[in-house]
Amino acid sequence: MRPNGPSCLIDALRSLRISHAPTARPSIIPSASFAPRKVQCPQNVRFFSATASMAGNWLEPSINRKKKMMKGRARVATGGSTKGTTVVWGDYGLRMIDHHRRISAQHLKIAEDTIKQRLRGQKYRLYKRVCCNVGVFISGNEMRMGKGKGSFDHWAARVAVNQIILELRGMIHEQVVRDAFRLAGNKLPGQWQFVKKGAPPVVGITKLDGITLEDLKRPRRKVPAESLEPAPQTSNSETQRTPLDLP
C-alpha cells in the first residue's frame with residue numbers, strides 16, 4: 001500500500017530532535033571578578049542640555065555682582081614676559097598696540113558681532129583670549145563724596161599693551177579676515193594691529209624681531225675709551241658770530 005501523506009509528515013517530525021547542547025553566548029550577568037567602575041562626573045555640567053551652563057561666559061562670569069571689586073590696573077610685563085602677545089590657536093589675531101586699558105563687555109560684544117556679520121556664510125572659528133571678570137561700580141551724577149562705592153554697572157576686562165584679544169582660524173582669505181578685524185578695531189577703543197601666526201612676541205613695547213629675550217636682559221656693553229675717536233676741534237673764528245643788529 002502507498003503510505004498516506006499525513007502519516008509520513010508525522011513520522012518526519014518525530015525524527016527531528018532538538019539539541020540541548022548550550023551555545024556559547026556572552027553572559028550579561030556580571031561575574032564576581034568583574035566590578036563596575038564608578039566614573040566621577042564634574043558638577044554643574046550638563047552634557048545634553050540646550051540651556052546655558054552655570055559657569056558663565058567670556059562676557060558675563062558667574063561672580064556675585066554685590067561683591068565690590070578694586071579698580072586695579074592692567075598687567076605690565078616688567079620681568080620680560082611675552083604671555084598673550086602671540087597667536088596660539090588661530091591663524092590671525094587682533095592685537096592692541098597703543099596703551100593698556102579697561103574694555104567693557106559691551107565693546108567686546110559689538111566687535112564680535114561685527115566680525116560675524118562680515119564673515120557671514122564663511123567657515124571659521126573665533127577664539128576669545130580675554131574674559132570680562134572685573135565688575136565696574138558707578139555712582140550717580142551729582143552725588144556727594146562718600147556713601148559707599150556705588151552700584152554695579154557693567155563687566156569689563158583688563159587688557160595689557162600688545163595683548164591679543166581675538167583669534168580666527170578657517171577657510172577664509174587673509175584679506176577678508178584683515179578687513180573683518182579692521183571693522184572690529186574701529187568699534188573698540190584704542191589702536192589695533194592685525195597679526196598672523198608666527199609673528200614675533202612683544203616684551204612691553206619691544207618686539208623680539210632679530211633679538212632675543214636674553215639680549216634684553218643682558219646689561220649694556222661698555223665701550224672702551226681707546227676705540228673712541230676725539231671730536232674735531234673748531235677754530236675761534238668759526239665760533240664767534242656777528243650780532244644781527246650790527247651792519
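1. Leu-119 is a good place to begin. In this predicted model, Leu-119 has a relative accessibility of 1% and therefore counts as buried. Leu-119 sits in the loop between α2 and β3. A residue far along the sequence lies across from this loop: Leu-119 and Val-177 are separated by 58 residues in sequence, while their C-alpha atoms are 8.0 Å apart in space.

2. On the chain as a whole: the secondary structure amounts to 5 helices and 9 strands. Followed along the sequence, these elements come in the pattern α-β-β-α-β-β-β-β-α-β-β-β-α-α. The chain has 247 residues, and 23% of them are buried.

3. Strand β5 deserves a look, as two pairings involve this strand. Strand β2 (residues 101-104) is joined to strand β5 (residues 151-159) by 4 bridges, and the two run antiparallel. Within this part of the model, Arg-101 stands opposite Val-159 of β5. Strand β4 (residues 134-138) also pairs with β5 in the antiparallel sense, over 5 bridges. One residue pair to find on screen is Phe-137 with its bridge partner in β5, Phe-152.

4. How many of the 5 residues of β4 are buried? The count is 4, so the strand is mostly covered, given that buried means under 20% relative accessible area. The strand that is covered in this way is also the one that pairs with β5 over 5 bridges.

5. Next, the salt bridges. Side chains of opposite charge can pair when their charged atoms come close. The structure holds 10 salt bridges. One of them is between Asp-179 and Arg-118, with the closest N and O atoms 2.8 Å apart. This pair links distant parts of the chain, since Asp-179 belongs to helix α3 (residues 174-187) and Arg-118 to helix α2 (residues 105-118), 61 residues apart. Asp-179 counts as partly exposed because its relative accessibility is 21%. Arg-118 is likewise partly exposed, with a relative accessible area of 34%.

6. Asp-179 has a further partner. Arg-182 forms a salt bridge with Asp-179, and here the closest N and O atoms are 2.6 Å apart. Both residues lie in helix α3, 3 residues apart, which is about one turn of the helix. Arg-182 has a relative accessibility of 45%, so it counts as partly exposed. The student can thus trace two salt bridges from Asp-179, one to Arg-118 and one to Arg-182.

7. Glu-167 and Arg-129 form another salt bridge, in which the closest N and O atoms are 2.3 Å apart. Distant parts of the chain are linked here too: Glu-167 is in strand β6 (residues 164-170) and Arg-129 is in the loop between β3 (124-128) and β4, 38 residues apart. Is Glu-167 buried or exposed? Its relative accessibility is 0%, so Glu-167 counts as buried. Arg-129, at 22% relative accessibility, counts as partly exposed.

8. Salt bridges can also be followed through a group of residues. Glu-112, Lys-116 and Lys-128 are linked in a network of salt bridges.

9. A patch of positive charge is found on the surface, where Lys-68, Lys-71, Arg-102, Lys-149 and Arg-158 gather. Of these, Lys-71 is placed in the loop between α1 (5-15) and β1 (92-96). Lys-71 counts as exposed because its relative accessibility is 59%. Arg-102 falls within β2 (residues 101-104), and Arg-158 within β5 (residues 151-159), the two strands joined by 4 bridges.

10. Two residues should be checked for their backbone angles. Most residues other than glycine have a negative phi. Glu-142 is not a glycine, yet its phi is positive, about 55°. Glu-142 lies in the loop between β4 and β5. With a relative accessibility of 83%, Glu-142 counts as exposed.

11. Asn-162 is the other residue to check. Its phi is near 60°, again a positive value in a residue other than glycine. Asn-162 is in the loop between β5 and β6. Is this residue buried or exposed? Asn-162 counts as buried because its relative accessibility is 7%.

Note on methods:
Residues numbered from 1 in each chain as written. Predicted model: local features only at pLDDT ≥ 70, side-chain atom pairs only at ≥ 80, totals over all residues. Heavy atoms only, no water. Patch = residues over 30% accessible without salt bridge, like charges linked within 9 Å, V, L, I, M, F, W, Y side chains within 5 Å. Areas by Shrake-Rupley, 256 points an atom, 1.4 Å probe, with all protein chains shown as cover. Salt bridge = Lys/Arg side-chain N within 4 Å of Asp/Glu carboxyl O. Lys, Arg positive; Asp, Glu negative; His and termini not counted. Charge placed at Lys NZ, Arg CZ, Asp CG, Glu CD. Buried < 20%, exposed > 50% of the residue type's maximum accessible area, 1.4 Å probe, protein only. Pairing = 2+ DSSP bridges.
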